[in-house]
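Student: I have a structure open and would like to talk it through with you. Could we start with how the chains meet?
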Amino acid sequence: MRIAVASGKGGTGKTTVAVAIAMAATEPVMYADCDVEEPNGSIFLKPEVYEIKKVLVDVPVIDEEKCTSCGKCARFCQFNALVSLGTPPLVFPELCHSCGGCAIVCPADAISWKGNSIGEISLGKADGGRVSVVQGKLDVGGVLAPPVIRQVKSHIPHDGLSVIDCPPGTSCPVIESIGEADYVLLVTEPTPFGLHDLKLAVETVRELGMPFAVVINRFDEGDLGVEDYCGEENILIMVKIPHRRAMAETYSRGGTLLDGIPEMREIFKDIPRIIERGIEEK
Amino acid sequence: MKIAVPTSGKTLESQVDNRFGRASGFVVFNTEDGTFVYADNSQNLNAAQGAGTQASQNVAGTGAGVVIAPSYGPNAFRVLNSVGIKTFISAPGTVKENIDNYIAGNLSETDAANVEGHW
């Protein structure tokens, strides 16, 4: 089963929750860090990395012998990655979305492709080999998160338990990350900001028709807005995590939620089974 | 020769815009007859990406040989440079003040981008 841990708002505790599920489990788990702009699960899981692979996307290469400088490719490109001023086009690889349209409209067959590196995937093992860790990392200055996320997802097995640590927000990288999950946990905090962004995230997963529940982090620190909203909308609150100084201290040293609040281990161990039962009942 | 200056207004008295790629338009001054035209660049104001390359194409389309702007990103500079458009650094003030300063030789040319992309 694939559990995606997402949120509207950033900094609510996605990684905290995802790492806690992976570490509380007793069976083999795949931990997939799809937050490729700032992957941080490895800080807590401390995997031994055994392989690093480049993520390549295709970008156009212009054959200046064949090019007639007609400019059709540049006019076609919606991403402004090609510029033609009555000359063979200049290519801006970092703007290219690899749609392939320029090669299709080129009447001179002057466009071919080459791989351009936009990030890397690392594979590792944590917790004595029980937790497999795959992490995607976008190159500094890169903007194309979805192709890196797709590469991460290609390492997630179909069987067994997987936890997908998603990027924040509700845009393309999030859709790509939660796309093939069986269940989504939306982590939020009990503040007006948390509630506002939770509503956007709920709208997104409902649009995608995915089953989901909410996790409230530091539930005893804010207001009751999130709980009231979940009640009105008939949304399951899977778990409420208390605010504890010990948790903050542990976290700041790279420890997990299970180190900071050990009594929550059993709850997080049960989450995959609770989700599984919920899916079966539906 | 024609000189293009990014501006938020449409006249010689308008202030120079802080940005090149996402300026709302360019005043293009013709030094031979003292006339000017306004070239719209508003489709780039909210472009998701590539404003610098598009704005540079717009400027090249006006026939300008010189641009006077406060800063140039790497993509904009590469396009302007590829067609031999000279890039000068503006001072705060109006379009006209900057053109006068350029003609008087008071502005310096830059031979590289002077800000990061997405500035």
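Student: What is the area buried between chain A and chain B?

Tutor: The area buried between chain A and chain B is about 1100 Å², and carbon and sulfur atoms give 57% of that area; buried area here is the accessible area (1.4 Å probe) that two parts lose on being put together, summed over both. This is a predicted model, in which local features need pLDDT of at least 70 and side-chain atom pairs count only at pLDDT 80 or more, while totals for chains, interfaces and linings use all residues. Residues are numbered from 1 along each chain as its sequence is written, chains are lettered from A and ligands numbered from 1 in the order in which they are written, and side-chain values use heavy atoms, with hydrogens and water left out.

Student: Which three residues supply 45% of the area that chain A buries against chain B?

Tutor: Those are Asn80(A), Leu85(A) and Phe92(A), which supply more than any other three residues.

Student: And how many residues are in contact across the two chains?

Tutor: On the chain A side 12 residues are in contact with 12 residues of chain B, where contact means heavy atoms within 4.5 Å.

Student: Switching to helix 3 of chain B, which of its residues are buried?

Tutor: In helix 3, which spans residues 95-103 of chain B, the buried residues are Val95(B), Asn98(B), Ile99(B) and Tyr102(B). Buried means under 20% relative accessible area, exposed over 50%, and partly exposed in between (1.4 Å probe, protein chains only), while helices (H or I, at least four residues) and strands (E, at least two) are DSSP runs numbered from the N terminus.

Student: Why are they on the same side of the helix?

Tutor: They cover an arc of only 100 degrees around the axis, so they fall on the same side of helix 3 of chain B, the arc being that of the directions from the helix axis to the C-beta atoms.

Student: What do they pack against?

Tutor: The buried residues of helix 3 of chain B pack against four strands of that chain, namely strand 1 (2-7), strand 2 (25-30), strand 4 (66-69) and strand 5 (86-89). After the helix comes Gly105(B), which has a positive phi, near 80 degrees.

Student: Back to chain A, is Ser122(A) buried or exposed?

Tutor: Ser122(A), which is found in strand 6 (residues 111-126) of chain A, is buried, with a relative accessible area of 11%. Leaving aside neighbours within four places in sequence, Ser122(A) has contacts that include Val49(A), Ile52(A) and Val133(A).
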